[in-house]
Amino acid sequence: MDNCIFCRIVRGEIPSKKVYEDELVFAFHDIQPQRPTHILVIPKRHIASLAQVTPEDEPVLGRMLSVAQQLARDNGSADGFRAIINTGRVGGQEVAHLHMHIVGGPDPVGPMLKKI
Ligand code: AMP
Ligand code: ZN
């Protein structure tokens, strides 16, 4: 996806504060952190949202979840975190490349449904 902002971050065309990368996923600090820890984990391959995934995407979806604990610990959220995937218009998704927010820090993140 030529113009997708997160595809461009994966390709290094737009700078990001990268915290992790492997063959399937890429993770970086959110540009407008809502909590002391606020990391985005994305598939390297363009997937528009959770509403577009297929069984073929299960390896990358699993990887996004399995790397979360270490990313949270390494980035200031040692005692738990919240993982959020906003999806589509109703979910309040603003960037049309699937991404999981990992939010946390030393203190509880707060009410469940507050928009991150
Ligand atoms: P969502 O509302 O779930 O689509 O979240 C999109 C997130 O992407 C927001 O938290 C933005 O702050 C973040 N974001 C947008 N552009 C960038 C960027 N260039 N680098 C890092 N984070 C970004
Ligand atoms: Zn993309």
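**Notebook: pocket, sheet and ligand 1**

I sorted the lining of the largest pocket by class and got twelve nonpolar, nine polar and four charged residues. The model I am working from is predicted.

Next I looked up how much space this pocket holds: about 580 Å³. I then listed its lining, which comes to 25 residues, and noted that F6, D30, I31, Q32 and L40 are the closest to the pocket centre. I also asked which elements give two or more residues to this lining. They are helix 1 (5-10), strand 2 (25-29) and strand 3 (37-43). Helix 1 gives the most, with three residues.

I turned to the sheet. I found an open sheet of five strands, paired antiparallel, in the order 1-2-3-5-4. Which strands stand at the edges? I noted strand 1 (18-21) and strand 4 (82-84); each has a single partner strand, so one side of each lacks a neighbour in the sheet. For the twist I have an average of 20° between neighbouring strands, with direction ignored.

I went through the pairing of strand 1 with strand 2 in detail. The two strands run antiparallel and are joined by three bridges. They form a hairpin, with three residues between them. I wrote down two opposite positions: E21 faces F26 of strand 2 across the pairing, and K18 stands opposite F28 of strand 2. As a reminder to myself, side chains in a regular strand alternate between the two faces of the sheet.

Last, I checked ligand 1. I count 17 residues around ligand 1, the closest being D30, N86, E94, H99 and H101. D30 is also on my list of residues closest to the centre of the largest pocket.

Which polar atoms of the protein did I find by ligand 1? I recorded three pairs:

- An oxygen atom of ligand 1 lies 2.8 Å from an N or O atom in the H101 side chain.
- A nitrogen atom of ligand 1 lies 3.1 Å from a polar backbone atom of I31.
- An oxygen atom of ligand 1 lies 3.4 Å from a polar backbone atom of G92.

For I31 and G92 the protein partner is thus a backbone atom, whereas for H101 the partner is in the side chain. I31, like D30, is among the residues closest to the centre of the largest pocket.

Notes. Residues numbered from 1 in each chain as written. Chains lettered and ligands numbered in written order. Predicted model: local features only at pLDDT ≥ 70, side-chain atom pairs only at ≥ 80, totals over all residues. Heavy atoms only, no water. 1 Å grid on protein atoms, 1.4 Å probe; cavity = no way out; pocket = protein on both sides within 12 Å on 5 of 7 lines; lining within 4 Å. Points joined across faces, edges and corners; volume = space filled by probe spheres on them. Helix = DSSP H or I, 4+ residues; strand = E, 2+ residues; numbered from the N terminus. Nonpolar A, V, L, I, M, F, W, Y, C, P; charged D, E, K, R; others polar. Pairing = 2+ DSSP bridges. Axes fitted to C-alpha atoms, helices over the stretch in contact; angles between N-to-C directions. Near = heavy atom within 4 Å. Polar contact = N/O pair within 3.5 Å; in protein donor to acceptor, adjacent residues only side chain to side chain.
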